[in-house]
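Me: Please take a close look at a single part of this model, namely one helix and what surrounds it in the description of the fold. A connected account would be preferred to a list.

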Amino acid sequence: MAVVAAVTMLQRAWTVSYGELVGLLLLTPVHVLMVVILLGAGMAMLWRARRPRDVYLVDYGCFLGEPHHRITFAMAVEHAHLMTSLIDNESASFMVRLYERSGIGEETSVPDSFRYMPPEQGIEASREEAELVIFSAVDKALARAALNPDGIDALVVACSFTTLTPVFADAIVNRYKLRADVQSVNLSGMGCSGALICIGLAKSLLQVAPPGRRVLIVATEILSSMFYAGTKREMLVPNVLFRMGAAAMIMSNSPERARFRLGPVVRTLTAAQDRDYRCAFQEEDDEGVTGINLSKDLPAVAANALRRNITALAPAVLPASELLRVAFSFLGHRFLGGRAEERCYRPAFHKVFQHFCIHPGGRRVLDEVQRGLGLSDGDMEASRMTLHRFGNMASSSLLYELAYIEAKRRMSKGDRVCMISFSPGIDCSSVVWECIKPAADPENGPWAGCIHRYPVKLHRQILKRTHEQQEHHMRPIKN
């Protein structure tokens, strides 16, 4: 009875007839168009809200040493032979031979602490060097981006082997009086991939931050605390290769005044393998002297990590045609009995990227990367010239390479740049950039005053010396 009563009440309350209901459902074309537009706009807004925001590089700045920071081959050799209380003649001779084959030129920079005998390795020397290189790089980045320090929302600093208290991130906050709500991160132990790891971290922060946020990234390595005063050959290598430098980048999730758009960021870590984990290892030698032990396996291990990294990066950057050629080559080699000496098809990365910035960890590392990726000498020019002019400045080196390409006026709108770096672990990181606005004054950077001399011709024996000069430099110093 209750159901019947309810139905009777609904019939009395429903005043719309069946014919009127049909008329309401038969919408005019105008009504249909309005519904489609509203639905489309709603879906577009929902997709835009859920899609990760693009991340951009607004601008960057690099430290440039003064003339009194310069260290020439002759000065380095003389210094090594005069430190007889720390380095014996056999170790000094080894470093000389390594220097000659390193690809490093005559204008690299070292801190003032290296000019003392023995070199100063205290906290004060490290702090003075850090403030010199970091503040210079940040000043230039802020100036090039036309940005006030109070416009920085987050700060990420990477320095591997030196961590002071307060940390370098706090030193930057204090120097530039950054806001009290600035988010800061100080990374250590990231090695020569530190800058690219920072870029990946900044990307994650900016993609979820409100529009218009900016992140300041600083990458450096402090030499004052890295000098190895022992005799173990594997630990003497960093003394020869590393030089003073720093770079600062300003990234944003707004395209306003941006010059590069960030593409894929790929990081490959092979530390699960014991050989990879120990190929670049900070430890004490038999005499208790601390240094970085660089294994002879490092180039081969780095090549293997690069292979894995490129395998992960390729699907995100290569066109379908290249991916198909790689797949068919692999299947044919695997299942159709390809000859062992025949290699699988190597993707033409030079067709995808107009520029390459490879970490200048040394001549052998660059040779391995060039061979592994099938790059031309022109593709490797920025890396080899940066190694020659500035040496290995750890993770900041990649920004000097980018500055080289721009100083040569080779960067155009739409060009894509691939950055690759390595660090202990082994860690191989790669980052892709797309240029959206070339620099207005590309020669106003770390290559100012010398870009006209580059590229220089590098031979197998990089630094040629006469026989008389060699005998003079190798002559033992009597106490």
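**Helix 15 and its setting**

Reply: In this predicted model, the buried residues of helix 15 are S397, L398, L399, Y400, E401, L402, A403, Y404, I405, E406 and A407. The helix spans residues 397-407 and is mostly covered, with 11 of its 11 residues buried. Buried here denotes a relative accessible area under 20%. In general, an α-helix has 3.6 residues a turn, so residues three or four places apart point the same way. The buried set of helix 15 includes charged-type letters such as E401 and E406 as well as L398 and I405.

Just after helix 15, R409 adopts a positive phi of about 55 degrees. Further along the chain come strand 12, residues 416-423, and strand 13, residues 427-435. These two strands pair in the antiparallel sense over 8 bridges. Within this pairing, F422 stands opposite C428 in strand 13. The loop between strand 12 and strand 13 holds I426, and the peptide bond from G425 to I426 is cis, with omega near 0 degrees.

Strands 12 and 13 belong to an open sheet of 9 strands with mixed pairing, whose order is 5-4-6-7-1-8-13-12-11. Its edges are strand 5 (183-187) and strand 11 (355-358), each of which pairs on one side only. From one strand to the next, the twist averages 20 degrees.

Other loops of the model offer points of comparison for the backbone. A second cis peptide bond runs from M117 to P118, with omega near -5 degrees. P118 is placed in the loop between strand 3 (108-109) and helix 6 (123-145). In the loop between helix 6 and strand 4 (154-158) lies A146, which has a positive phi of about 55 degrees although it is not a glycine. A146 is exposed, with a relative accessible area of 57%. K177, in the loop between helix 7 (168-176) and strand 5, likewise has a positive phi, near 50 degrees, and is not a glycine. K177 is exposed as well, at a relative accessible area of 59%.

To return to the part in question, helix 15 has 11 of its 11 residues buried, and the positive phi of R409 comes just after its end.

Terms used:
Residues numbered from 1 in each chain as written. Predicted model: local features only at pLDDT ≥ 70, side-chain atom pairs only at ≥ 80, totals over all residues. Heavy atoms only, no water. Pairing = 2+ DSSP bridges. Helix = DSSP H or I, 4+ residues; strand = E, 2+ residues; numbered from the N terminus. Axes fitted to C-alpha atoms, helices over the stretch in contact; angles between N-to-C directions. Buried < 20%, exposed > 50% of the residue type's maximum accessible area, 1.4 Å probe, protein only.
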